[in-house]
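Work through the exercises below with the sequence and the 3D structure open. Try each task before reading its solution.

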Amino acid sequence: MENASTPTHCPYCALQCGMNITPLPQGGVEVTERADFPVNRGALCGKGRTAAEVLSPAVRLTAPLVREGGRLVEAGWDRALGLIAERLGATRERYGADALGVFGGGGLTNEKAYALGKFARVVLGTSQIDYNGRFCMSSAAAAGTKAFGLDRGLPFPLEDIPKTGCVILVGSNLAETMPPSLRFFTELRENGGTLIVVDPRRTRTAEQADLHLAPRPGTDLALALGLLHLVVAEGRTDEEFIAERTSGWEEARSAAMAHWPEYVERITGVPVPQLREAVRLFCEPEAAMVLTARGPEQQSKGTDTVGAWINLCLATGRAGRPLSGYGCLTGQGNGQGGREHGQKADQLPGYRKLDDPAARAHVAGVWGVDPDSLPGPGRSAYELLDALGTDVRALLLMGSNPVVSAPRAAHVEERLRSLDFLAVADVVLSETAELADVVLPVTQWAEETGTTTSLEGRVLLRRRAVAPPPGVRSDLYVLHELAGRLGVEKGFPADPEEVFEELRRASAGGPADYSGITYRRLAEEDGVFWPCPEEPAEPADPMAGGAAGDAVADGTAAGAEAGAGVAGADGGTAGTVASAVAGEDPTPAALPDDPAADAGGVVVHPGTPRLFLDRFATPDGRARFVPVTYRATAEEPDAEYPLLLTTGRVVAQYQSGAQTRRVAELNAAAPGPFVELHPRLAARLGAADGDPVAVVSRRGRAVAPARITGAIRPDTVFMPFHWPGEGRANTLTNPALDPTSRMPEFKSCAVRVEVVGPGK
């Protein structure tokens, strides 16, 4: 195995690009491209290409650490695990189970996320569990579930994008956040399609657009409503689709008509002619898509904002048809799977709801516990962090760095410091791990086997390619050992495939049904799209399948309404899913030895690359319009704080930077934070390029060099959020929460900017 090449996937974003890992004779490993994987087709960004650098013992944790005399010192595994179990048990005994908190991450594999949720509810008995994915895709998930009855980031593969007629890309700078995906949009334009980018900044992505709309931060909701108003006023609605496949149109229509173009221009700053051009470009082709990312989602009204973009798709018949639809560009490596299998505050595996008696009964049956023993829903991520040191006295944290990534980060750091006990399991000594009483060094992507689910809903198998350092253990081992020390001897295996087999059973019949997926299938098919129930699929009607398949293959939507639909997303059966997908046999041959096929060789379910082509996942099969109206951000500019701050990422760093800041090549490309200022704003402040400037909000102050550019609005400043210290952007951000998704408002807060002189 030493010199064998192992096909696997990148540890970073939700593209989960294919790559090969080869151990080198002299030590270390080599990362090479995989041209056969359809998402990246051999392309890797700088983060993926240098991912092996973080495997080096020189930059990562290699032994447990415990706090002695105010310092973290090395300790053995038995002592470290014993201390965690002792402190968690004592805290529960003194204060009750809900004094224990668990905080997970969107980078954990499906197996880890599943086991962590089970550990919190079965071993600790606490309701206080959530994860950092709440900060990423939760508003899109909430809006998608309201409208379609189901949340899967993309209801179609990325390969469909070049074949559609128009894409509106809202609040995504994918040229920097997931560079290999840009080729799909380049091919869209090469094929005669158009790209509309909505972003307050003229980003690298916006530079590729046929039309760039630059709204004021926090006004995406008004923009979407204004476009829908114009669709109605210009007679561009699809009345047949609305009548046959939706409900709630009249209420949504009435709400949108209150947002006339001139009113929307005043709110957003987007000129009326650009609004009209966007409607024309979106409505004239036969097929079109809207894709959102963190821009419209990380707002205190993010669910309504995404809902307004979904309404635009439904009103124009751009959903539930080939090459059309709404999708969310999930961010974290397992941001999709991480929100499906139980580490969310209100969720059980299979995307079941924790307050649904049928869901509780099913999962409790798999776990071998009384349904009544399962705690109810707990606090969302920020609310959980805000309760540390008061209601929640001890915290187990895995795969997250909230000291850098959480809103109002200085306050969150203070809350972490106030805990009676903090245990962190991580690959590196992150800023959060530095505060811990116990730190456990755990394996990472190339050192362990496990599954992730990409932004397409494609379940993938990451394979172990190299052995971890001797002092490192897996997260599953950690949970297995802690469960045993806390009195639960069974039910927490350290073997990932054994965990996945239980996950299959727990997810069976739920909205995110993985029961027909096995490790063998994932290895042989290079991924399977959920839902994929264990029961054989009903054969698709040959004519219907051919129509949809031909339509997808030749890039048109004409005559194609056949394909995949998902029924009963309320915790019951996932229903029958037809496979009318280009280039696929709707009834492929069974894998003879696969657990998903019975002894008679019955056809296994092929998975569901494309959702909703027959029906939506609501009880009546219709998509739901949700009426929404514009409201302002939670914190508007005023005389004291006259500007708006928006935050985001740069191409060479990832999330809180805990891993990428340890890679020399990436640090050379992006060595630290900065503040983007428009030239007019810089002139008014007297700031030159490179001058240190302070950005001040009601929550704190951050200092970084000015970067003067005409790519940003004069009323807006931008900071990337990858760094700790005085340039920490999330010191400034507003934790105002969306009432539905509990998403904080990262993307807009009121600030002022000051030039920093000597000694300031």
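Helix 3 is followed by Gly125, whose phi is positive, near 70°. The model is predicted, so residues are used for local features only at pLDDT of at least 70, side-chain atom pairs count only at pLDDT 80 or more, and totals for chains, interfaces and linings use all residues. Residues are numbered from 1 along each chain as its sequence is written, and side-chain values use heavy atoms, without hydrogens and water. Helices (H or I, at least four residues) and strands (E, at least two) are DSSP runs, numbered from the N terminus.

**Exercise 1.** Compare the expected span of helix 3 with the distance between its end C-alpha atoms.

Step 1. The expected span is 1.5 Å times one less than the number of residues.
Step 2. Helix 3 covers residues 110–124, which is 15 residues, so it should span 21 Å.
Step 3. The end C-alpha atoms are 20 Å apart, which agrees.

**Exercise 2.** Why is helix 3 described as largely enclosed by the rest of the structure?

Step 1. Buried means under 20% relative accessible area, exposed over 50%, partly exposed in between (1.4 Å probe, protein chains only).
Step 2. In helix 3, 14 of the 15 residues are buried, so the description follows.

**Exercise 3.** Which strands does strand 18 pair with?

Step 1. Two strands pair if DSSP finds at least two bridges between them.
Step 2. Strand 4 pairs with strand 18 (residues 438–441) in the antiparallel sense over two bridges, with Leu65 opposite Val439.
Step 3. Strand 17 (residues 421–426) pairs with strand 18 in the parallel sense over four bridges, and Ala423 stands opposite Val438.
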